[in-house]
Amino acid sequence: MYWEPERECMSREDLEQLQLERLQSTVYRVGTHVPFYKKKFESLKLNFEELRSLDDLRRLPLTVKQDLRDNYPYGLFAVPLRDVVRVHSSSGTTGLATVVGYSRNDIKNWSNLVARILTAAGVTKDDVIQIAFGYGLFTGGFGLHYGAERLGASVIPISAGNTKRQIQIMQDFKTTALVCTPSYALVIADTMMEMGINPNGLSLRCGLFGAEPWSEAMRKEINEKLGIVATDNYGLSEVMGPGVAGECQQCSGLHINEDHFLLEVIDPETLEPVAPGEVGELVITTLTKEAFPMIRYRTRDLTRLITEPCPCGRTLTRMERVMGRSDDMLIIKGVNVFPVQIEKVLFEIKGTEPHYQIVIERENHSDKVTVLVEVTESIFFDQMKKQRRMVDNIKQRLASELGIGVHVKLVEEKTLERTEGKANRVIDKRKL
Ligand code: DLL
């Protein structure tokens, strides 16, 4: 039920003491080994001895993605390359890639934390786990792989793609747990339907999905289509990869591995902490990373913390599912819109496929948003009148959810691009 109960069920007082000790040693380490932080601390006249409580964290500087780019590739490493046993990189959609490194000890901790998340989601060493995340510079494949091996589960390192083969292997190898992005889980489910395979005939019983935002409605759809219990897990390369936080079987918020990561939620505009329980941008400080420690990394991810105790018995604070990134946020006619809000509405409408795309164009100095929605064949070839009614219904519901009007266009099944990794829902033509 727990992987490390002595940590996962720790008293707040003991946890905070551990966090403080680890924070002090991390700050000392980066201040002496990473020139970037050394300079920053000097300019802030920060003395290590002055870090006496967790509240002092706020006196430390924030780190942003551009800092990683400016120090490309190895400038922020806190150990010599000879002590680095692994390098990962995230490409990002704009600019230079960012590079992160791991010491032998970092890999050990990483595997352990992912094993924790797998255990919380109900995976045990008796499971056969199919890892359909890409293996390579992306942290998803190797991160989950090492964690699952650490746990002692039987790992199928199939990687992403070749959906029919995924399904064949799932049947033949009797996979019990599926690991991938939630959007790829739906692609697998749909392909299964096309192949005439009934998921209830499979051994699959749970799925661990992450690496991109998804909604509660999408979880429901995955659960129904695959006949499983889907849990959410969160992480990012800059602070480790998967293994930062994950849901337990209560499926109501992700437990944060707080003995290894210190989380803050700030207002992205003022950079001040938000009131407890309010939504804001997640800022993460690593507490045990040796090769690539991060001080107050601005994730751009928006969420809120849940401090109420969880019935599972873990005392680790939970974060709500990430609703989107502050830089994914679309500002349309002055209103903040997140793609997941649109997803939520579409999932509630019968006959729409769970595939959609948001196209933004600029016409006469004003933004025009068109939501392309895949609909089932029967609706697509239905009478114009019925189609019109469906479009109006979607428009109306989107207007009440978003507070602005958008255009809606129904497209035939399988018109929109499918991805094996993270889905690309937004096409912003304004920048082209
Ligand atoms: O996506 C790490 C990961 C791999 C997490 C596998 C979970 C499972 P990056 O490629 O660096 O790392 O992307 C990190 O993805 O800042 C979020 O914006 C988004 N993200 C990751 N997990 C979730 C999630 C991996 N569960 C960026 N819900 C993060 C919403 C997520 N967004």
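The paragraphs below lead through a predicted model, beginning at the ligand and moving on to aromatic rings, unusual backbone geometry and buried positions.

The ligand is a convenient place to begin, since it gives the eye a fixed point from which to look outward. In this model 20 residues surround the ligand, and the closest are D232, N233, S237, D301 and K422. Sorted by class, the shell around the ligand holds eight nonpolar, six polar and six charged residues. Several polar contacts can be picked out individually. A backbone N or O atom of A211 lies 3.0 Å from a nitrogen atom of the ligand, and a backbone N or O atom of P213 lies 3.4 Å from a nitrogen atom of the ligand. A side chain contributes as well, for an N or O atom in the side chain of R325 is 3.2 Å from an oxygen atom of the ligand. Taken on its own, the ligand has 610 Å² of accessible area, of which the protein covers 93%. The elements that give two or more residues to the shell around the ligand are α6, spanning residues 139-151, and β7, spanning residues 229-236. The largest share of that shell, five residues, comes from β7.

The aromatic rings offer a second way through the structure. A pair of aromatic rings is described by the distance of the centres and the angle of the planes. A search of the whole structure finds eleven aromatic pairs. One of them is formed by F36 and Y37, whose rings are 5.0 Å apart centre to centre, with 70 degrees between the planes, an edge-to-face arrangement. Both residues of this pair, F36 and Y37, are buried. The two also belong to a wider grouping, in which ring pairs link Y28, F36, Y37, F41 and F48 into a cluster. Another pair joins Y135 and F142, whose ring centres are 5.1 Å apart and whose planes stand at 70 degrees, so this pair is edge-to-face. Here Y135 is partly exposed, with a relative accessible area of 24%, and F142 is likewise partly exposed, with a relative accessible area of 27%.

Two further rings are worth inspecting for the charges that sit over them. The charged end of K289 sits over the ring of Y102, at 5.7 Å from its centre, while the charged end of R321 sits over the ring of W214, at 5.2 Å from its centre.

The backbone also has some features that a reader may wish to check residue by residue. Most residues other than glycine have a negative phi, and most peptide bonds are trans. Against that background, the peptide bond from Y72 to P73 is cis, with omega near -5 degrees, and P73 is found in the loop between α4 (65-70) and β1 (86-90). N162, although not a glycine, has a positive phi of about 55 degrees. N162 is located in the loop between β4 (154-156) and α7 (163-172), and at 48% relative accessibility N162 counts as partly exposed. L271 is another non-glycine residue with a positive phi, in this case near 65 degrees. The loop that holds L271 runs between β10 (261-266) and β11 (280-286), and L271 counts as partly exposed at 32% relative accessibility.

Other loop positions are covered. D127 lies in the loop between α5 (104-120) and β3 (128-131), and because its relative accessible area is 3%, D127 is buried. A polar atom of the D127 side chain lies 2.8 Å from the backbone nitrogen of T124. L62, in the loop between α3 (35-43) and α4, counts as buried at 18% relative accessibility, because the cut-off for that class is under 20%. L62 and I284 are 222 residues apart in sequence, yet their C-alpha atoms are 9.5 Å apart in space.

Burial can finally be followed along a whole helix. Helix α10, made up of residues 339-347, is mostly covered, with eight of its nine residues buried. The buried residues of α10 are P339, V340, Q341, I342, E343, V345, L346 and F347.

Notes
Residues are numbered from 1 along each chain as its sequence is written. This is a predicted model: local features need pLDDT of at least 70, side-chain atom pairs count only at pLDDT 80 or more; totals for chains, interfaces and linings use all residues. Side-chain values use heavy atoms; hydrogens and water are left out. Buried means under 20% relative accessible area, exposed over 50%, partly exposed in between (1.4 Å probe, protein chains only). Helices (H or I, at least four residues) and strands (E, at least two) are DSSP runs, numbered from the N terminus. A residue is near a molecule or strand if one of its heavy atoms lies within 4 Å of it. A polar contact is a pair of N or O atoms within 3.5 Å; within protein, one must be able to donate a hydrogen and the other to accept it, and residues adjacent in sequence count only if both atoms are side-chain atoms. Accessible areas come from the Shrake-Rupley method with a 1.4 Å probe; for residues, only the protein chains shown count as cover. Ala, Val, Leu, Ile, Met, Phe, Trp, Tyr, Cys and Pro count as nonpolar, Asp, Glu, Lys and Arg as charged, and the others, Gly among them, as polar. Rings of Phe, Tyr and Trp (its six-membered ring) pair if their centres lie within 6.5 Å; planes under 30 degrees apart count as stacked, over 60 as edge-to-face and the rest as tilted. A charge sits over a ring if NZ of Lys or CZ of Arg is within 6 Å of the ring centre and within 35 degrees of the ring normal.
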